[in-house]
Amino acid sequence: PRKKGPLTVEQVAYLEMLASTRQDHVGIFAGYMCFLIFGRLRWSDGQYCKEEPWVDEGPEFSYLEARLYHHKTAGRTKVSRRLLPVACPVPGVSRNQWAVDWLYHRELQGLCAGVGKPTMPSPIHGGGWSSLPLSSSDAAMWLREVLSDSGLLQPAQCIGTHSAKATTLSWMCKAHAPGDIQRLAGYHVDPASKSALEYSRDSQAPVLHFMEGVILAIFSGLFMPDSTRAGRWVG
């Protein structure tokens, strides 16, 4: 199968800019894509927020946090009863506080996620939002249109909604993240580590710490994940 490729750093920075500056349909959509990118989520998983996401503000990095009441990794009955905690480091590669602006724009649009209310509903022509979730096929087409209008979509690039989850996981792999951290970043658990994670009370802490380092390295120009293998690290 031909899998979707990751987004480039320039494309992610452009989505962050849209989420920070536009409060229309495009800005709300771009902010949701950033939520999926830095939360390492599938399109459908992000639609099941138990309540509206919130920001845990810090001096250097803040975190956009949410709790999902349905997700693909909840296969067994015991796991399916647990809420999946999601945390996204903010700011991103453009150093924009996209999450704060996105949540503010959602409030202006009257959007509030919850049980039975999708995080990214379908837009209505002429303004407003439907009560139905936006489908992944329509979202993939919309994503390509947004990037194409800005001249950032490469002809040979195969992207879709699943590119959101592949992006940061690809960055972490190219930055040589340890295997256990990569598994945790994708919300998969090594059976031998379940007991330690059960008592840690914050299994995403090492993932977020590594992601912060990757984001800072990208912003400073030391790490360029879109380059060839020989040109990714500078200095």
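H2 passes helix H6 in a right-handed crossing, where right-handed means that the near helix is turned clockwise from the far one by less than a right angle, and left-handed that it is turned anticlockwise. On the H2 side the contact is made by Met33, Leu36, Ile37 and Phe38, and on the H6 side by Ala164, Thr167, Thr168 and Trp171; contact here means heavy atoms within 4.5 Å. The model is predicted, so local features need pLDDT of at least 70 and side-chain atom pairs count only at pLDDT 80 or more, while totals for chains, interfaces and linings use all residues. Residues are numbered from 1 along each chain as its sequence is written, and side-chain values use heavy atoms, with hydrogens and water left out.

Two packed helices are described by the angle between their axes and the distance between the axes. For H2 and H6 (residues 163-174), those come out at about 40 degrees and 7 Å. Axes are lines fitted to C-alpha atoms, for helices over the stretch in contact, and angles run from 0 to 180 degrees between N-to-C directions. H2 and H6 are therefore oblique to each other, given that angles under 35 degrees count as roughly parallel, over 145 as roughly antiparallel, 65 to 115 as roughly perpendicular and the rest as oblique. As for the labels, helices (H or I, at least four residues) and strands (E, at least two) are DSSP runs, numbered from the N terminus.

H2 is also busy elsewhere. The largest nonpolar core has 60 residues, and H2 (residues 25-39) gives the most to this core, with 11 residues. A nonpolar core is a set of buried Ala, Val, Leu, Ile, Met, Phe, Trp, Tyr and Cys residues joined through side-chain atoms within 4.5 Å. Among the residues with the most contacts inside this core are Phe29, Phe35, Phe38, Trp43 and Leu64. Take Phe35: setting aside neighbours within four places in sequence, its contacts include Leu41, Cys49, Leu64, Val86, Trp98 and Trp102.

Now for the sheet. It is open, has three strands in the order S1-S2-S3, and its pairing is antiparallel; strands pair if DSSP finds at least two bridges between them. S1 (54-56) and S3 (84-90) are the edge strands, each pairing on one side only. Neighbouring strands are turned by 30 degrees against each other on average, direction ignored. Between S1 and S2 (residues 62-68) there are three bridges, and Leu64 in S2 is the bridge partner of Val55. Two helices lie across S2 and S3: H2, running at about 105 degrees to S3, and H9 (residues 205-219), running at about 25 degrees to S3.

The loops have a few oddities. Between S3 and H4 (98-108) sits Pro91, and the peptide bond leading to it from Val90 is cis, with omega near 5 degrees. Two residues other than glycine have a positive phi:

| Residue | Phi | Loop |
|---|---|---|
| Arg95 | near 65 degrees | between S3 and H4 |
| His176 | near 65 degrees | between H6 and H7 (179-185) |

Arg95 is partly exposed, at 22% relative accessible area, whereas His176 counts as exposed at 69%. Buried means under 20%, exposed over 50% and partly exposed in between (1.4 Å probe, protein chains only). Thr161, in the loop between H5 (136-149) and H6, is buried, with a relative accessible area of 11%. Not counting residues up to four places away in sequence, Thr161 touches Trp43, Ser136, Ala139 and Ala140.
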